[in-house]
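Q: Please take a close look at one part of this protein, the pairing of its strands. I should like a connected account, with a word on how far the model can be trusted and on any contacts between aromatic rings.

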Amino acid sequence: AAPSANPSNMLSPTNCLNAVSAFGRNCPPFIDGGQCNIGIESTVLDLTSSSPNILRLGPITKDLIESVLGFKVKSQISRKKPIDQLSLRKSPGQSERHYSPKTSLYLYSTLEQMLNSEELKGGDILLLPHPNLNLSITRNKFSHLYLSSTGDPLEITKNFFNILNDADELKKERIHASLFPKSDELLSAVNDRLTRASTKKL
């Protein structure tokens with residue numbers, strides 16, 4: 001089932017075309033259910049310890065889980081030390097390098113940092129949150145791909161892997177993307193995917 005129907009560590013597909021492209025001639029039979037409604041993998045909640053622990057951020061947010069349970073839960077993602085081997089076995093999507101395009105992905109802390117980076121080269125791809133931005137760079141030097149029409153977190157999340165797959169298919173030298181503000185939990189899940197997909201963090 002998309003978005004998990006992908007070769008290990010490769011980009012997640014959010015439609016059948018993505019999956020067929022990823023597996024090539026080895027693609028198993030499939031039922032085409034159209035584009036994924038959410039666009040990122042499920043939240044993984046570990047219930048094997050005394051306190052529930054989120055191992056993978058996803059569409060069911062920490063706030064929503066806590067509102068149902070009535071108490072706080074931990075998040076493995078927020079830990080500063082490396083993920084232990086037991087957690088790696090408990091949940092997919094925990095490797096430092098995961099969800100990765102074939103094209104090198106340069107990841108920046110902020111959109112401003114990305115747009116002012118000396119790493120930007122003519123012909124590179126820029127992943128942007130929406131088209132209503134006042135860009136200080138020459139537009140025609142780069143390929144722009146937009147994750148949403150307005151910057152809505154739900155739309156960004158739904159489109160994220162589909163747009164990243166499109167960027168990879170362009171077969172350029174580099175893709176550039178920036179992290180989203182941490183204030184939105186859905187976008188924090190997208191940040192997790194971006195971080196694991198990145199080739200270089202700036």
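A: Strands β1 and β2 form a hairpin, with six residues between them. The model is a predicted one, and the description that follows should be read accordingly. Within the hairpin, β1 (residues 44-46) and β2 (residues 53-56) run antiparallel and are joined over three bridges. One position can be followed in detail: L45 has I54 of β2 as its bridge partner.

I54 also leads to the next pairing, as its bridge partner in β3 is S75. Strand β3 covers residues 74-75, and β2 pairs with β3 in the parallel sense over two bridges. The path between these two strands involves helix α2 (residues 62-69); β2, α2 and β3 together make a right-handed β-α-β unit.

As to aromatic contacts, the structure holds two aromatic pairs. In one of them, the ring centres of Y99 and F161 lie 5.8 Å apart with the planes at 45°, so the pair is classed as tilted. This pair links distant parts of the chain, 62 residues apart: Y99 lies in the loop between α3 and β4, and F161 in helix α5 (residues 153-169). Y99 counts as buried at 2% relative accessibility, and F161 is likewise buried, at 0%. Ring pairs join Y99, F160 and F161 into a cluster.

Regarding confidence, the protein averages a pLDDT of 87, and 88% of the residues score at least 70. The mean is highest in strand β4 (residues 104-108), at 98, and lowest in helix α3 (residues 85-90), at 61. Where pLDDT is low, the predicted coordinates should not be read in detail.

Conventions
Residues numbered from 1 in each chain as written. Predicted model: local features only at pLDDT ≥ 70, side-chain atom pairs only at ≥ 80, totals over all residues. Heavy atoms only, no water. pLDDT = per-residue confidence, 0-100. Helix = DSSP H or I, 4+ residues; strand = E, 2+ residues; numbered from the N terminus. Pairing = 2+ DSSP bridges. Right-handed = clockwise from strand over helix to strand, strands pointing away. Phe/Tyr/Trp six-rings, centres within 6.5 Å; stacked < 30°, edge-to-face > 60°. Buried < 20%, exposed > 50% of the residue type's maximum accessible area, 1.4 Å probe, protein only.
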